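Thanks for sharing this one with me. Below are a few friendly notes on side-chain contacts, set out as numbered points.

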Amino acid sequence: MAGGSKLKKPPVQSLIEVKVEAAVNPSEDPEKVIDAVNQMVRCSPEFRYGSRVIGKATGAGALEKIYEQVRSRSAMGVLRRMLLDNRAGTSTWFLLNKQAATAGIAVVIEDESESALGPIRVTIACEELDALTDWLVPEQ
């Protein structure tokens, strides 16, 4: 989204690694799931293992859509809590509603059951995870 981007560079020097995964149900078109994953996290998702879409990316730009949308949806508190609760060392994760993602909308969910077709799981790894979390979802 060149031009209209509100993305501010995070105050971190270390590498930001993003992994995104989603199950592909028998009733779903794998291409639609790939597209949904790619809309949420800028990466090159692939259909693997017969039933999963997996994508990997590096850098804050991969998180641009989530960065912008959580600000416009008052979802910052939920996302911040998930990032803090799910933290393990230098990585953390959160879930997105897959159906909303197919429409290009980032909806953070707290439980897998909130996404009927299963969630999109986004895992973030960074040596400076506190600073990255504060950049993505500042304390309000």
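1. Which residue forms a salt bridge with E28? K98 does, and the closest N and O atoms of the two are 2.8 Å apart. Please keep in mind throughout that the model is predicted. The contact joins distant parts of the chain: K98 belongs to helix α4 (residues 98-102), while E28 is in the loop between β1 (17-23) and α1 (30-40), 70 residues apart. Both K98 and E28 are buried.

2. The count of salt bridges comes to 9. Another of them pairs E64 with R42, with 2.2 Å between the closest N and O atoms. Since E64 lies in helix α2 and R42 in the loop between α1 and β2 (46-48), the bridge ties together parts that are 22 residues apart in sequence. The two partners differ in burial: E64 is buried at 6% relative accessibility, whereas R42 is partly exposed at 45%.

3. K19 and E21 also meet through their side chains in a salt bridge, at 3.9 Å from N to O. With the cut-off at 4 Å, this distance falls within the rule. K19 is partly exposed, having a relative accessible area of 31%, and E21 counts as buried at 16%. Together with R52, these two residues are linked in a network of salt bridges.

4. On the aromatic side, the count is 1 pair. The ring centres of Y67 and W135 are 4.7 Å apart and their planes meet at 25°, so the pair is stacked; planes under 30 degrees apart count as such. Y67 sits in helix α2 (residues 64-72) and W135 in helix α5 (residues 129-136), so this contact ties together parts that are 68 residues apart in sequence. Y67 and W135 are both buried.

5. Two arginines deserve a look for their placement over rings. R71 has its charged end over the ring of Y67, 3.8 Å from the ring centre. Y67 is also a member of the stacked pair with W135. The charged end of R121, in turn, sits over the ring of W93, 4.0 Å from the centre.

6. Finally, the cysteines: why is C43 in no disulfide with C126? The closest cysteine sulfur to that of C43 is the one in C126, and at 18 Å it is too far for a bond. The count of disulfides is accordingly 0. Both cysteines count as buried, C43 at 12% relative accessibility and C126 at 2%.

Technical notes. Residues are numbered from 1 along each chain as its sequence is written. This is a predicted model: local features need pLDDT of at least 70, side-chain atom pairs count only at pLDDT 80 or more; totals for chains, interfaces and linings use all residues. Side-chain values use heavy atoms; hydrogens and water are left out. Rings of Phe, Tyr and Trp (its six-membered ring) pair if their centres lie within 6.5 Å; planes under 30 degrees apart count as stacked, over 60 as edge-to-face and the rest as tilted. Helices (H or I, at least four residues) and strands (E, at least two) are DSSP runs, numbered from the N terminus. Buried means under 20% relative accessible area, exposed over 50%, partly exposed in between (1.4 Å probe, protein chains only). A charge sits over a ring if NZ of Lys or CZ of Arg is within 6 Å of the ring centre and within 35 degrees of the ring normal. A disulfide is a pair of cysteine sulfur atoms within 2.5 Å.
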